[in-house]
Amino acid sequence: MKWQQRLEQGLLRAWYGKARWLVLLRPLSALYRLLVQRRRQRYLNGQAPQWRPPVPLIVVGNITLGGTGKTPMVLWLAAFLRGHGYRVGVISRGYGGTPPSLPWRVDAAGDAQHSGDEPLLIAQRAQIPVVIDPDRPAAARALLADGDIDLIISDDGLQHYALGRTVELVMLDAQRGLGNARCLPEGPLREPPERLASVDLLVSNGAVQDQDGRFAMQLRPTSLIHLRSGKQVPLDLWQGEREVVALAGIGNPERFFRTLEVCGFHYVPRVFADHASYSPESLSDLPKDKLVIMTEKDAVKCRPLAQDNWWYLSVEAELSDAFAIALLATLPTASAPYPPIQE
């Protein structure tokens, strides 16, 4: 593991383990907290310009560093809202991608090096328009100009206040919570805890049931998919190996590993940094005679390099009827039916 990965993992363990030495960073944390609060207030007061699209926009974000399940949430929203007649498009920063130009419309058959891994995954799974640009208003305008869209989902961007939004949906990890509840660098928070009081919907990834104003989301593993052939095997029909190498380059790899355990796999972990770029050299130590299972986010980048023993685990987000009702209550009625997905 590279030194950057060791530092990242060390800080995450410290933040969520509430290490005492972090108190030394409190002055910097207090300054960071003040700056982010002032910045948000400037937009709220109209002192900084904000562009609001002419259609509803849902921001799916978080106030913590590390993975909280934003991408599965975006995929669930896209499928659910499309089923209710909305013409949905997604915008994203495109972290990890280097597009030839900006804004960049993601091609589902394209390269993750251009779009980044998560936008490509969304384009492939949801079959809806996806546009990336670090300038979120520019991405939204390009999305509206290129397609018949009446609802936008912003994958991340909660703190990108230059973009006006209709709904703020914040993801939390049920196990990690807010860690030590301190802002960076003393803790994992991008904004102070009281920011949660102002959001529209709060979703706890991994929670068992809706509780205390937080809606529960569970990630249900459904099947293993072969990277080279696309062959899908439902987990309840899997008769292959159970001793595997588990590859994860995501914000919270432990969640993936726990899922494999629940599915009855025994694994040797292979951890990469979130949004890692893969090459034959970086994956050369993976065994040829043992099953390799990775996340779908890693699979969109590893597919060109795939070996015959590489599979990925497909998961689906599950949310309550109460969440669906609360979500629809925040939105205007869809204007027209969306065309069906072509299987």
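Is Tyr267 buried, partly exposed or exposed? Select Tyr267: with a relative accessible area of 23%, this residue is partly exposed. Keep in mind during the tour that the model is predicted.

**Stop 1: around Tyr267**

Keep Tyr267 selected and add Phe257. The two rings form a stacked aromatic pair, 5.0 Å centre to centre, with 20° between the planes. Colour helix H7 (residues 253-262), where Phe257 lies, and strand S11 (residues 266-271), where Tyr267 lies. Because the partners sit in these two elements, the pair ties together parts that are 10 residues apart in sequence. Phe257 counts as buried, at 2% relative accessibility.

Now add Phe256. With Phe257, Phe256 forms another aromatic pair. This pair is tilted, at 5.9 Å centre to centre and 50° between the planes. Phe256 is buried as well, its relative accessible area being 7%. The limit for buried is under 20%, so the 7% of Phe256 falls within that class.

**Stop 2: other aromatic rings**

How many aromatic pairs does a search of the whole structure find? The search finds 8. To see one aromatic cluster, select Trp76, Phe80, Phe215 and Phe323, which form it together.

**Stop 3: arginines over rings**

Select Trp51 and Arg141. Arg141 lies over the face of Trp51, at 5.1 Å from the ring centre. Then move to Phe265 and Arg242. Here Arg242 lies over the ring face of Phe265, and the distance to the ring centre is 4.6 Å.

**Stop 4: the second largest pocket**

Which residues lie nearest the centre of the second largest pocket? Select Asp111, Ala112, Gln113, Val300 and Lys301, the residues nearest its centre among the 22 that line it. The volume of the second largest pocket is about 360 Å³.

Next, show helix H4 (112-115), helix H5 (117-126) and helix H8 (296-302), the elements that give two or more residues to the lining of this pocket. Of the elements, H5 gives the most to that lining, with 3 residues. Finally, colour the lining by class: 9 residues are nonpolar, 9 are polar and 4 are charged.

Definitions and conventions
Residues are numbered from 1 along each chain as its sequence is written. This is a predicted model: local features need pLDDT of at least 70, side-chain atom pairs count only at pLDDT 80 or more; totals for chains, interfaces and linings use all residues. Side-chain values use heavy atoms; hydrogens and water are left out. On a 1 Å grid over the protein atoms alone, a cavity is a set of points where a 1.4 Å probe fits but cannot get out, and a pocket is an open set with protein on both sides within 12 Å along at least five of seven lines; lining residues have an atom within 4 Å of a point. Grid points are joined across faces, edges and corners, and a volume is the space filled by probe spheres set on the points. Helices (H or I, at least four residues) and strands (E, at least two) are DSSP runs, numbered from the N terminus. Ala, Val, Leu, Ile, Met, Phe, Trp, Tyr, Cys and Pro count as nonpolar, Asp, Glu, Lys and Arg as charged, and the others, Gly among them, as polar. Rings of Phe, Tyr and Trp (its six-membered ring) pair if their centres lie within 6.5 Å; planes under 30 degrees apart count as stacked, over 60 as edge-to-face and the rest as tilted. Buried means under 20% relative accessible area, exposed over 50%, partly exposed in between (1.4 Å probe, protein chains only). A charge sits over a ring if NZ of Lys or CZ of Arg is within 6 Å of the ring centre and within 35 degrees of the ring normal.
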